[in-house]
Each structure stands twice: as structure tokens, then as C-alpha cells.
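Open the model in your viewer and keep the selection tool at hand. The stops below go from one side chain to the next, then out to the whole chain.

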Amino acid sequence: MKEVTVDSLEFFKSHWTAWRVLGVAQLRVQSWRNLYIAYSIVMNLFVTLCYPLHLGMSLFRNQTLTEDILNLTTFATCTACSVKCLLYAYNIKDVLEMERLLRLLDERVVGPEQRGIYGQVRVQLRNVLYIFIGIYMPCALFAELSFLFKEQRGLMYPAWFPFDWLHSTRNYYIANFYQIAGISFQLLQNYVSDCFPAVVLCLISSHIKMLYQRFEGVGVDPSKNAEKELEECITDHKHILELFRRVEAFISLPMLIQFTVTALNVCIGIAGLVFFVSEPMARMYFIFYSLAMPLQIFPSCYFGTDNEYWFGRLHYAAFSCNWHTQGRSFKRKMMLFVEQSLKKSTAVAGGMMRIHLDTFFSTLKGAYSLFTIIIRMRK
């Protein structure tokens, strides 16, 4: 059987590629740095800032109610996407520290059982990638089809432009090119903003599981110094906790924004689908859109729950080792570790909401509550 190569940083490659394209990876760009900075300023000015702005200028000023709903949901999503991207760009240097800690933890992975746990990470993260592809492709497809099947000249998303695109063929093509290129740029921002938290939380879970196995093996081999093995495991635990805290600080505000926007957009999407939208392509778009929004936060919430669970089990691993034959010094250090591991470790978004499956279902409940308010207002 082929041995699994342990390199947690390989899962960051697609994110660094996306960040380079988005113009926020100055730390990784060595050659043509000034040109890259100029590219970054231009792209983020014309897309990250101006794309939500050109959508917001048209809020509730469209010809039909369907266009108003489409405009509102797209504006909320693109605004949140831009804000999350800017927050990640501001704190991008923290990713380098996460990589340093992951290298230290990767060096500690030994044995087929621990490598087997690491091998499962590939499967889990591949499934996460499939989830995001399954989210974006149908939404993009039906948005495009809804645009193509319009009887009159129109835009993919209702928006404002500082020129007359309706009566000028050249301006019409310019407006549509900007919208298609801009939404592609924003989809890339959305991918890296929503996928990165799930990836790092998944990696933390896998390293906690591998640490659990290392704890169980402490003192089993009489040829090894059990106290030194324990100290190394305690050091690994400190590295995992430091990694966890850095990840929590990095994703805290973006995840809070995503939870809020998800509840709002699911509610608006379903309300539009039930009460206002009648065009077949638009209905299909809102169906997939309403399904896509909660799926964006599900992987992060799932792995956040997994983190909490495995952090909470580490003290069991300590008592599973061969501790009863060890000396007083070993037992004292083990008890200190157990006391430390009993402290609950839960990732929190914005200091208010846990990145947890409970929050995922609470977000859906919040969307339902807003939907019931809309129903009562209609009555």
C-alpha cells in the first residue's frame, strides 16, 4: 500500500492561487511586485468596491418586482463577498503563521494509523470542493439562462451604469462584459472566503485525532522515555490550540457576515419564489440560490462541531495511556494537561455565534422567522 505523504499545506495551494488572481497575495509575489500591486488596486477598485455599488444604485428602482428581488439578493451577496475578501486581505499574513504551525504538526505524524487519518482528510476536502462546485454551477447556469431567454435587451443582474446601455449596442456589450467578468471575480472571492474556513477547521480536526492516537501510545513502548513522549504530546496540543485561536480570529468576522447574509437571502429567495417570481428560469434560479446559501456555511459549521467534539475528548486519550506505571513527575504533568484540556474550545464568529451545526440550524430558523413576518405583512 502506498504511504500517504503528510503535507497539510497542499490544501492551501488552490486558495493561494485564488488570492493571487484576486490581488491579495502580495506576500507570495516576488517578481514584478509593483506591477502586481497596481493590478491589485485596479481589480479591487473596479470589482470588489464598484460591483456591489453598481448593484446597490439600482435597489428598488427596477421595472418589475422580480428584478427588484434579484437585485436585492445579488447586492447583499456581493457586498458580503467584498467585505469578507477585504477582511481576509487585511489579515492575510496570519495564513503564513498557520502554515508554520501546520508544518510543525505534520512533522509529528508517524505510523500507518495516523497517516490513515490524514488520508481521510483528502476525501473530506474533496467532498467540500464538490459541494462548492455543486453550489455555484447551477446558480451561474440559471442566472445566465434567465438572461439569455429575456425577450428584450437586458442585463444579467439589474444594476445602474453611468451610461445608456439600453439604446447603444456598444454600451450594452460593455455593461454585460463587466457584469459577467465581475461576477466571475466575485465567485472566486466567494469560493476562497467560504472554502478556506472549512479546510483549516478540517485540518485541525485531523491533527487532534492524530494527537489522540499519540497520547494513547505514551508509555506503551518500554524502550522510549514516557515522560518525554508526554511532553511532546503536550507541546503538540499547545501548537494545535495556537493554530485554532489564529484560525478563529482570522475567520471570525467573515463567518458572522456569512451567517447574517445567509439568513437574509434564504428568506428573501424563498419569499420571492413563493409570492412574486413567475418566470420559469427565474424560479429555477431562486430554487438553487435558496439551497446554495445554507450549503455555503454547512462545511464550516460541520468541521467546527468536529473540532469541539475532539478537543473535548483529549483528556480521555491522556487516561488511555500507560500512566499508572509511571512516576510522580509524569503523573503531575499529565494532570496539568488534563486540567488544561477540560477547557472548552469552540470557534466563535464575531464573539457571538458558534461556528457549529447548532448555528447552522439557528440560521435556517432565523430565515424561517423572517419569512413568517413577510407572510403576516402580506395578510
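## Stop 1: a buried acid

Select D106, which is found in helix α4 (residues 93-106). The model you are looking at is predicted. Which side chain of opposite charge is nearest to D106? It is R103, 7.5 Å away. D106 is buried yet has no salt bridge. A salt bridge here needs the nitrogen and the oxygen within 4 Å.

Now add S8 to the selection. The side chains of D106 and S8 are joined by a polar contact of 2.8 Å.

## Stop 2: salt bridges

Stay with helix α4 and show charged side chains. How many salt bridges does a search of the whole structure find? The search finds 17. Three of them follow.

Select R28 and E99. Their side chains form a salt bridge, at 2.5 Å from N to O. R28 sits in the loop between α1 (13-22) and α2, and E99 in helix α4, so the pair ties together parts that are 71 residues apart in sequence. Colour the two by accessibility. R28 is partly exposed, at 28% relative accessibility. E99 is buried, with a relative accessible area of 3%.

Next, pick D94 and R246. They form a salt bridge whose closest N and O atoms are 3.9 Å apart. This pair links distant parts of the chain: D94 is in helix α4 and R246 in helix α7 (residues 226-276), 152 residues apart. Is D94 buried or exposed? D94 counts as buried, at 18% relative accessibility, because the limit for buried is under 20%. R246 is partly exposed, with a relative accessible area of 30%.

Then select K333 and E227. Here the side chains meet in a salt bridge of 2.6 Å, N to O. Distant parts of the chain are linked again: K333 belongs to helix α10 (residues 328-341) and E227 to helix α7, 106 residues apart. K333 is partly exposed, with a relative accessible area of 26%. E227 is partly exposed too, with a relative accessible area of 23%.

Finish this stop with a wider selection. Take D94, E97, R100, E242 and R246 together: salt bridges that share partners join them into one network. D94 and R246 are the pair you have just visited.

## Stop 3: a nonpolar patch

Switch to a surface view. Select V42, L45, F46, L49 and L86. These residues make a nonpolar surface patch of about 450 Å². Which helix gives the most to the patch? Helix α2 (residues 33-56) does, with four residues.

Zoom in on L49, one of the patch residues. L49 lies in helix α2. Its relative accessible area is 46%, so L49 is partly exposed.

## Stop 4: cysteines

Show the cysteine sulfurs. How many disulfides does the structure hold? The count is zero.

Why is there no bond at C81? The closest cysteine sulfur is in C78, 6.6 Å from the sulfur of C81, which is too far for a bond. A disulfide needs the two sulfur atoms within 2.5 Å. C81 is buried, with a relative accessible area of 1%.

Move to C202. The closest cysteine sulfur is in C195, 10 Å from that of C202, so the two are too far apart for a bond. C202 is buried as well, with a relative accessible area of 1%.

## Stop 5: helix α11

Go to S362, found in helix α11 (residues 357-378). S362 is partly exposed, with a relative accessible area of 41%. Add A263 and draw a line between the two C-alpha atoms. The line is 9.0 Å long, while S362 and A263 are 99 residues apart in sequence.

## Stop 6: the whole chain

Clear the selection and show a cartoon. The chain has 11 helices and two strands. Read the elements from the N terminus on: α-α-α-α-α-α-α-α-α-α-β-β-α. Turn the view along the principal axes. The C-alpha trace spans about 85 × 60 × 40 Å along them.

Last, colour the chain by accessibility. What percentage of the 379 residues count as buried? The value is 50%. D106, where the tour began, is a buried residue.

Methods:
Residues numbered from 1 in each chain as written. Predicted model: local features only at pLDDT ≥ 70, side-chain atom pairs only at ≥ 80, totals over all residues. Heavy atoms only, no water. Buried < 20%, exposed > 50% of the residue type's maximum accessible area, 1.4 Å probe, protein only. Patch = residues over 30% accessible without salt bridge, like charges linked within 9 Å, V, L, I, M, F, W, Y side chains within 5 Å. Areas by Shrake-Rupley, 256 points an atom, 1.4 Å probe, with all protein chains shown as cover. Lys, Arg positive; Asp, Glu negative; His and termini not counted. Polar contact = N/O pair within 3.5 Å; in protein donor to acceptor, adjacent residues only side chain to side chain.
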